[in-house]
Amino acid sequence: MVKKSQEYIVKIDTLNHQAQGIARIDGFVVFVDNVLIDEVVKIKIEEVKKEYAKAKLVEFLEKSPYRKDPECPYYHLCGGCHLMHAKYQHQLSLKKLLVEDAFRRIGKLSPKINDVIGMEKPFRYRNKTALPVGGDYKKPQIGFYKKMTHDIVDIDYCLIQHEFCDDVIKGMKEMIKKHKIEVYDERKHQGVLRHIVVRNSFAFDEMMLILVCAKVPENLEAIKKDILDKFPKIKSLYLNLNPKRTNVILGDEDILIWGSSTIKDKIGNLTFEISPKSFFQVNSVQTEVLYSQVVKYLRNIEAEVVFDIYSGIGTISMFIAPFCKKVYAIEIVEDAVEDAKKSSKNNSISNIEFICGCAEIEIPKLLKSGIIPQAVILDPPRSGCEKELLESLIEHKISNIIYVSCNPSTLARDANILYSGGYEILEVQPVDMFPQTFHVECVALFKKGYS
Ligand SMILES: C[S@@+](CC[C@H](N)C(=O)[O-])C[C@H]1O[C@@H](n2cnc3c(N)ncnc32)[C@H](O)[C@@H]1O
């Protein structure tokens, strides 16, 4: 019987999908943070539940040869990264294990899973971040949340963000003090400045800054002037109003207070317009690798008509457009569809039809109208695809499905639905879009087999 506050010596069997170590004490599962497979550690039990316990690492008795010192001084406090204590090649091996495990456990499948394609420089890769603001105007805090809490770890820099983000962290702290900007207190639902969202273009040195506020700050003009002086790379400055008591970062209303409504960035040779609410992959370098994999699968299929479902600002559509006759791009966010239309014009691409709507409604309509693609690309949010959408693809016997996913668990769940509907999984290619974290992106190729 595992007891709270008791110390044990355990060997770490494996890691779970959140990179927590799993050890067993007389068969009972115990989760431990910051450990690696095969490490022998002394732990202290902090919490005992019916099915598992959580423990704190007390001491290493045998360290993994794949362990390294984390480069970031905030690593053990901040909940943003989870694998910085593992050498990068080992992070990639672990992510492959996580994908295999998700397919086995959730999908009840064991497809061919390739090695994870990693980055040459696995730091400073992120083009977007949302920084919560805490403390008060005398001593503001800007950083990330501590794991599983809403306590802010106050930071001066972040090693996975673009360098401009460090300037914003430093500069905004000075500005909050100078202009006595009221910091939002989520417990009391009082105050003004809630989050600072930063988007940086790697290709064009452009920055979009979004001040997420519960109400319009009193001295907005003076703040704006200071921001423009402090951050010369700024191209677009927004005030986003979020008066609700909610964990959702952005509110409904975006007010452009200076500059352009979008910033531009590039993937490969293509240039894209990006609005505040539009999805854009956070790692521009690895996005090219990811999309090249989609193109590789698609070129083998030689599809004439393709559906790009969950198309965002049309990045995949524009990447694949040269290799097919017609692409139908379906996306729910209106601003993203408008960005996509602008970008396709700027990139001189004319064979994409952009449809703004809900995929699970629009796709069955298109299929019922007799438009049957030879290939479908799915790139849903973390929650995966709606079942009706997959059922409609199965019903219309779509020959090829290329599924891009940022969540192995929902990919495995949906793979099981497709498998039950007569699809084989030919291959899964994981790509590391999120070094130092447990997240991993995958591209999976499905082919209609038996019926
Ligand atoms: C992971 S992003 C992929 C975007 C794009 N394919 C890319 O690579 O940048 C998922 C996209 O699906 C959109 N989305 C979410 N739910 C949707 C739905 N039910 N129907 C259509 N689009 C949806 C989101 O707005 C987001 O742009």
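In the predicted model, the shell around the ligand is made up of 10 nonpolar, five polar and three charged residues. In total, 18 residues surround the ligand. Those closest to the ligand are Y291, Y310, E331, A359 and D379. Two of these names, A359 and D379, return in the description of the polar contacts.

Three pairs of polar atoms link the protein and nitrogen atoms of the ligand at the distances that follow. A polar side-chain atom of D379 is found 2.8 Å from a nitrogen atom of the ligand. For A359, the partner is a polar backbone atom, and the distance to a nitrogen atom of the ligand is 2.8 Å. A polar backbone atom of I332 lies 3.2 Å from a nitrogen atom of the ligand. On its own, the ligand has 590 Å² of accessible area, and the protein covers 89% of this area. Two helices, α5 (315-320) and α7 (359-368), each give two or more residues to the shell around the ligand.

At the start of the chain, UniProt places the feature "domain: TRAM" at residues 1-59, in an unreviewed entry. Over residues 1-59 the chain is 58% strand and 0% helix. The C-alpha atoms at the two ends of this stretch are 22 Å apart.

The second largest pocket holds about 680 Å³ of space. Its lining consists of 25 residues, and Q20, D33, N34, K147 and M148 lie nearest the centre of the pocket. Three strands give two or more residues to this lining, namely β4 (28-32), β5 (40-48) and β6 (52-62). Of the elements, β6 provides the largest share of the lining, with four residues. By class, the lining of the second largest pocket contains 10 nonpolar, eight polar and seven charged residues.

Enclosed spaces were also counted, and the model has two cavities of 30 Å³ or more. The largest cavity contains about 40 Å³ of space. The residues that line the largest cavity are M172, I181, L193, L211, C213, P217 and I223. By class, the lining of the largest cavity has seven nonpolar residues, with no polar and no charged residues.

The second largest cavity has a volume of about 30 Å³. N127, R199, N200, I263, D265, I274 and F280 form the lining of the second largest cavity. Two strands, β10 (193-200) and β14 (263-267), each give two or more residues to this lining. In the lining of the second largest cavity, three residues are nonpolar, two are polar and two are charged. Charged residues are thus present in the lining of the second largest cavity, whereas the lining of the largest cavity has none.

Note on methods. Residues numbered from 1 in each chain as written. Predicted model: local features only at pLDDT ≥ 70, side-chain atom pairs only at ≥ 80, totals over all residues. Heavy atoms only, no water. Near = heavy atom within 4 Å. Polar contact = N/O pair within 3.5 Å; in protein donor to acceptor, adjacent residues only side chain to side chain. Areas by Shrake-Rupley, 256 points an atom, 1.4 Å probe, with all protein chains shown as cover. Nonpolar A, V, L, I, M, F, W, Y, C, P; charged D, E, K, R; others polar. UniProt positions renumbered as here; feature names shortened; annotations may be inferred. 1 Å grid on protein atoms, 1.4 Å probe; cavity = no way out; pocket = protein on both sides within 12 Å on 5 of 7 lines; lining within 4 Å. Points joined across faces, edges and corners; volume = space filled by probe spheres on them.
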